[in-house]
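Please open the structure in your viewer and keep the selection tool at hand. The tour below goes from stop to stop, saying at each one what to select and what is there.

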Amino acid sequence: MWKEITVLIRKEITLEWRQKYALNGILLYVVSAVFITYLSVGAKMGNLSVPTWNALYWIIILFSAVNAVAKSFVQEHQGRQLYYYMIASPEAIILSKIIYNTALTLILALLGYAVFSVILGNPVQDQTLFLLNLVLGAMGFSACLTMVSGIASKAGNNATLMAILSFPVIIPILLMAIRISKNALDGLDWSVSADKLLSLVAINAIVAAAGYLLFPYLWRS
């Protein structure tokens, strides 16, 4: 199965490289959103508080992840899906999508962090905790949105359905990520964030396991 996953991830990278407009559009969205934030919320005058910096960062990363991951199954037409059905297991397909989308979301999160640091300043005191939180957040967003994207693709690529289904799972992940990053911004000891980190890991594991177990039934339909 890991050979199938490797081939499918290579396919995702090849398609993304050929269709650069998708990734370029998302990157442009991140940079422009940060610049608009800089002009509109008082950051230019140095009036941006740490909680506001944290909230704005995760809002931008969340919508960037949605735009990046939503096309996971939307771009796969029925003929291509039938071909995948014949050559790969559904478990390999969903895992390859989750791994690829996690990497893509993490790249966007790191880019957003770099742009935020340059334009809005970098108030993070514990860089290691903040970056670990980014990795866990990217994994959670990707696992949730990838599964929901698969469900939406079977319902005629209904964007409203994707938003409704992903909302209950995204909110706990987002809340945990915001709280952990706030602790990293304040430079608090890791023991303060330990329970939140474990909760975020548990949520990610549950979502990924649910996708792994339920996707084969969805794929066969």
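Before the first selection, a word about the record: UniProt positions are given here in the numbering used for this chain, and its annotations may be inferred rather than shown by experiment. Please also keep in mind that the model in front of you is a predicted one.

**Stop 1: the annotated spans**

Start by selecting residues 21–43, 55–74, 94–116, 128–152, 159–178 and 198–219, which UniProt, in an unreviewed entry, marks with the feature "transmembrane region". Then keep residues 94–116 alone, where the chain is 100% helix and 0% strand and where the C-alpha atoms at the two ends are 32 Å apart. Move on to residues 198–219, a span that is also 100% helix and 0% strand, with 31 Å between its end C-alpha atoms.

**Stop 2: the largest nonpolar core**

Which residues touch the most other members of the largest nonpolar core? Select Trp53, Tyr57, Ile93, Phe116, Phe130, Phe141 and Phe215, which hold that place in a core of 56 residues. The elements that give two or more residues to this core are helix H1 (2–18), helix H2 (20–40), helix H3 (50–69), H6, helix H7 (127–153), H8 and H9. Colour H7 separately if you can, since with 11 residues H7 gives the most to this core.

Within this core, centre the view on isoleucine 93 and show its surroundings: leaving out residues up to four places away in sequence, isoleucine 93 touches Leu8, Phe73, Tyr84, Ala88, Phe215 and Trp219.

Next, turn to phenylalanine 141, which lies in helix H7. Is phenylalanine 141 buried or exposed? Phenylalanine 141 counts as buried, because its relative accessible area is 0% and buried means under 20%. Apart from neighbours within four places in sequence, phenylalanine 141 is in contact with Trp58, Leu62, Ala65, Ile170, Ile173 and Leu174.

**Stop 3: a second core**

Now select Ile26, Ala68, Leu104 and Leu108, which are among the 5 residues of a second, separate core. Leucine 108, found in helix H6, is buried, with 2% relative accessibility. If residues up to four places away in sequence are set aside, leucine 108 touches Ile26, Leu27, Ile61, Ser64 and Ala68. Should you draw a distance from leucine 108 to isoleucine 9, which are 99 residues apart in sequence, the value from C-alpha to C-alpha is 18 Å.

**Stop 4: along helix H8**

Select helix H8 (residues 159–186) and find serine 181 in this helix. Serine 181 is buried at 0% relative accessibility, and, not counting residues up to four places away in sequence, serine 181 touches Asn54, Trp58, Phe130 and Asn133.

How many salt bridges are there? The count comes to 1, and to see this salt bridge you should display the side chains of lysine 182 and aspartate 186, which meet at 2.5 Å, N to O. Side chains of opposite charge can pair when their charged atoms come close. Lysine 182 and aspartate 186 are separated by about one helical turn, because they are 4 residues apart in helix H8. Both ends of the pair are partly exposed, lysine 182 with a relative accessible area of 26% and aspartate 186 with 33%.

**Stop 5: a partly exposed position in helix H3**

Select isoleucine 59, which lies in helix H3 and is partly exposed, with a relative accessible area of 44%. Then add leucine 174 to the selection: isoleucine 59 and leucine 174 are 115 residues apart in sequence, and their C-alpha atoms are 9.0 Å apart in space.

**Stop 6: a nonpolar patch on the surface**

For the last stop, show the surface and select Met1, Trp2, Ile99, Tyr212, Leu213, Leu214 and Tyr217, which form a nonpolar patch with about 780 Å² of accessible area together. Which helix gives the largest share of the nonpolar patch? Helix H9 (residues 190–220) does, with 4 residues. Finish on isoleucine 99, a patch member located in helix H6 (residues 90–119), which counts as partly exposed because its relative accessibility is 39%.

Note on methods. Residues numbered from 1 in each chain as written. Predicted model: local features only at pLDDT ≥ 70, side-chain atom pairs only at ≥ 80, totals over all residues. Heavy atoms only, no water. Patch = residues over 30% accessible without salt bridge, like charges linked within 9 Å, V, L, I, M, F, W, Y side chains within 5 Å. Areas by Shrake-Rupley, 256 points an atom, 1.4 Å probe, with all protein chains shown as cover. Salt bridge = Lys/Arg side-chain N within 4 Å of Asp/Glu carboxyl O. Buried < 20%, exposed > 50% of the residue type's maximum accessible area, 1.4 Å probe, protein only. Contact = heavy atoms within 4.5 Å. Core = buried A, V, L, I, M, F, W, Y, C linked by side-chain atoms within 4.5 Å.
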